[in-house]
Structure formats: C-alpha cells, structure tokens
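These are my notes from a session spent looking up ligand surroundings and helix packing. I set them down in the order in which I worked.

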Amino acid sequence: MNAVPESKTNLLGLDRQGLAQFVADLGEKPFRARQLMTWLYKRRVDDFEQMTDLSKNFRERLKAIAEIRLPEIMSEHASSDGTRKWLLRAGPAAGDVGGEQAVEMVFIPEPGRGTLCISSQVGCALDCSFCSTGAQGFNRNLSTAEIVGQVWLANRELGVAPDGARAVTNVVLMGMGEPLANYRAVLPALSIFMDDLAFDLSRRRVTLSTSGLVPQLYKLAEDTNVALAVSLHAPNDALRDQLVPINRRHPIKELLEACWHYLDAQNGRSITFEYVMLDGVNDQPEHAIELAGLLRGRDAKVNLIPFNPFPGNQYRRSSREAISRFCDLLHERAIITTVRRTRGDDIDAACGQLAGQVADRTTVRLGSKRINLAVET
Ligand code: SAH
Ligand code: SF4
C-alpha cells in the first residue's frame, strides 16, 4: 500500500463508471470496461499480459499507463479457529515525510459465510476515548484501490472454497478508520463490492460502521444502500460527548434523525447500534432504560460489545453481570439485542432468550480493538 505519487492509474480504484471513463479517454469502446472488470474481479487476473481477449496494442497501452497494484502483506497470522489476520503495508501519503505505517484486515470464517473486516484509514482523527486506533491519531486516508485491494487480496490468499464459492461473502468496514471521513474513496469501493461485474455482494453483505458523521450519513442515503452500523455507545449527550467526541458536533438527536432518514431512503431492514460496555461508565440500568427510550419502535438492533482494554487506557470491561442485566433490560423493552461472544468469556448464555432470534456474531481482535460483526445473511 504505497501512496507515493506515480503516473500509473491503479485500476482497482475505478468503479464501473470510472473504468468506462478511463477506456473512453483512451478512445476504446465501452465494452472494454466490462472486459477489464471481468478479468479483474471474475478471473482475478492482475497481469495485463494474461488478458488475452484484449488486443496486444491495448494491452501495451494499459501496461504503460495503468497497473493493478495490491496491498503488500507485511505479516500474516492464522488462528486455530480459522480466523486470519494480515498486516498490510501503508506507505506514507504523497508529500508525507512520516514513516511507514500499517493497517490490518481480518477474515472470520463461519458456516456458510466468510466475513472480511477491512480498514478505511491509517489511524483515525475522531479520537474516541476507548479506541486504540483513535489513540494513535490520524495518519492518512486509504485510496479506493487500497480499500478494494484488501478484498481482492483476501480472496486470493484464501483461495476458492470447495463449493467454488468466493471466500469473502461479507465485507465490514470496521477495521481502522472512520469510513465516512474518507467518503470520496469509500463510496466507489462500496460500488465495486456490490457491482455484479465485480465482487457482486448484496447490499446486506456490505456493512459500513460509523461513529456518526451526520452530513455524510445524509449523503450516503443518496449515494448507496449498504447495511449500516452506528457506534452509539451512550444514551445521552453528556456521556457520549466524553466517549465519542464527534458527538459535540453532531449530537444524538441529529444522529438518530440521520439514521432514520437512511432507513427510509434506503428501505433498509434495520440499523445496528454498537454499544461498547465500559465498567461503571455507560453500563448501568438507567443507561439501558434511556437507550431503549431512544430506539423504541424503530428498526434498530443493539449490539453490546465487551470493551477490549489496551495499554494506557483508563477503562475496564463491564462485568458479565452488568452486561447481562443491560441486555435483559433492553430485551424486556422489545429491543433486539445481541452480546458479543468472546472466547473463554461466553456471555451469550446470560442472554439466552435471544438464542435463535439474532444473527450469529463473532468477535476478533484487531490490534487492541474488538471487531464486531453485525452481518445479516
Ligand atoms: N470508525 C468506525 C468504524 C471502525 S471502529 C466506528 O467507529 O464505527 C469499529 C467498532 O469498534 C466501533 O463500534 C468501535 O466503537 C469499536 N471499538 C473501538 N475500540 C474498541 C475497544 N477498545 N473495544 C471494543 N470495541 C471497540
Ligand atoms: Fe475512529 Fe471508530 Fe476508533 Fe472512534 S471508534 S476513534 S471513529 S476508529
């Protein structure tokens, strides 16, 4: 992942429209864009030489001005349960004298699906007080090609499942960064994930998680229809101001209005509200009751995430009892709630009434952040 300026266009950064423009600028017929997409995404070819139904002349021109550049893997880790993590090189941005950085992506296999958690930025500027990405500060945005390249690369690394299906069936933007703060690069990536000529994922299999950039949420409602996860984490502004500082600019009422607008505009099934459980901070019964009041009667689900501590951070994870009590209070108020299951710390049992009612959830660690998969099939 090297964003040092260069003259070649990385074709992984162009959605269908962008590729159409690219071939038109070369004086080629529109169907060339379809051919290129088929090579890139259906046949997973990253070498122009192998694109045999393109004329030799066109291939030569492509080689001169374009490239198919994938993120570079720095290291890989596989766990016994099949979860895999890759550390990807994120070179300095153009003109940036800063050193080298990395982003992580994580693949979580489950029966019938494989979810890839990808990053949208190197670091994050939003500085949520419980987040290790926030603690490292903002370095730079990833480009569209770097975002798309993660899914491309994971599919290649994972190979094809025995039934011929692609390895990655779901994509969640829950890795490093705030995707709506990198709107310009993220939007074409979403389009490529869902394009039937590319990854061909349904809208419900692509989830964008945001801490709540309200103007961009309204824009998102116009531009796409992916599944939405919103990092709420607190039921009132006084508390959310402390945990998610962007709340000072876009308070809860405005955020929720933007969420309901998104559902209306997109005919979406529901929004998942993520809620990190911080001991003694936001995990008390009154918080659950207040939260239920915000969401009652709406197409909303709550996903309770046991806080994942990291060095230098002030918070502690809520106790199992506090989490299960919180979950019960929401459940009694007819709010569909799931609790993140963590290995060796199975708190789902305390919320047993929900079994079978909710989608499977999995938690893995990304750096010191818990990745929350709220993915519907
Ligand atoms: N910036 C986006 C997406 C990336 S963060 C967002 O904030 O939604 C993905 C999820 O991980 C968010 O719900 C975030 O609140 C949560 N998260 C961050 N740090 C965490 C931690 N230490 N423990 C548990 N969840 C955390
Ligand atoms: Fe950024 Fe999300 Fe972390 Fe907040 S929780 S600092 S928005 S990555």
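The entries below cover two ligands and then two helix pairs.

Entry 1, the model. I kept in mind throughout that I was reading a predicted model.

Entry 2, the shell around ligand 1. I looked up which residues surround ligand 1 and found 21 of them, with F130, G177, S209, S231 and H233 coming nearest. Sorted by class, the shell around ligand 1 holds 10 polar residues, 7 nonpolar ones and 4 charged ones.

Entry 3, polar atoms at ligand 1. I then went through three of the nearest residues, G177, S209 and S231, to see which atoms they bring to the ligand. For G177 the atom is a backbone N or O, which lies 2.9 Å from a nitrogen atom of ligand 1. For S209 I noted a side-chain N or O atom at 2.7 Å from an oxygen atom of the ligand, and for S231 a side-chain N or O atom at 2.6 Å from an oxygen atom of ligand 1. How much of the accessible area of ligand 1 does the protein cover? On its own ligand 1 has 530 Å² of accessible area, and the protein covers 97% of that.

Entry 4, strands at ligand 1. I asked which strands supply at least two residues each to this shell, and I listed β10 (206-210), β12 (271-277) and β16 (369-372). Of these, β16 gives the most, with 3 residues.

Entry 5, ligand 2. Around ligand 2 I counted 10 residues, of which C124, C128, C131, G134 and S211 come nearest. The class division of the shell around ligand 2 is 4 nonpolar, 3 polar and 3 charged residues.

Entry 6, α1 and α2. Turning to the helices, I found that α1 (residues 16-25) packs against α2 (residues 31-42) with the axes 8 Å apart and at an angle of about 125 degrees. I therefore wrote the pair α1 and α2 down as oblique to each other, and I recorded their crossing as right-handed.

Entry 7, α10 and α11. For α10 (residues 285-295) and α11 (residues 320-332), the axes come within 9 Å and cross at roughly 30 degrees. Since angles under 35 degrees count as roughly parallel, α10 and α11 are therefore roughly parallel to each other. The crossing of α10 and α11 is right-handed.

Notes
Residues are numbered from 1 along each chain as its sequence is written. Chains are lettered from A and ligands numbered from 1 in the order in which they are written. This is a predicted model: local features need pLDDT of at least 70, side-chain atom pairs count only at pLDDT 80 or more; totals for chains, interfaces and linings use all residues. Side-chain values use heavy atoms; hydrogens and water are left out. A residue is near a molecule or strand if one of its heavy atoms lies within 4 Å of it. A polar contact is a pair of N or O atoms within 3.5 Å; within protein, one must be able to donate a hydrogen and the other to accept it, and residues adjacent in sequence count only if both atoms are side-chain atoms. Accessible areas come from the Shrake-Rupley method with a 1.4 Å probe; for residues, only the protein chains shown count as cover. Ala, Val, Leu, Ile, Met, Phe, Trp, Tyr, Cys and Pro count as nonpolar, Asp, Glu, Lys and Arg as charged, and the others, Gly among them, as polar. Axes are lines fitted to C-alpha atoms, for helices over the stretch in contact, and angles run from 0 to 180 degrees between N-to-C directions. Angles under 35 degrees count as roughly parallel, over 145 as roughly antiparallel, 65 to 115 as roughly perpendicular and the rest as oblique. A crossing is left-handed if the near helix is turned anticlockwise from the far one by less than a right angle, and right-handed if clockwise.
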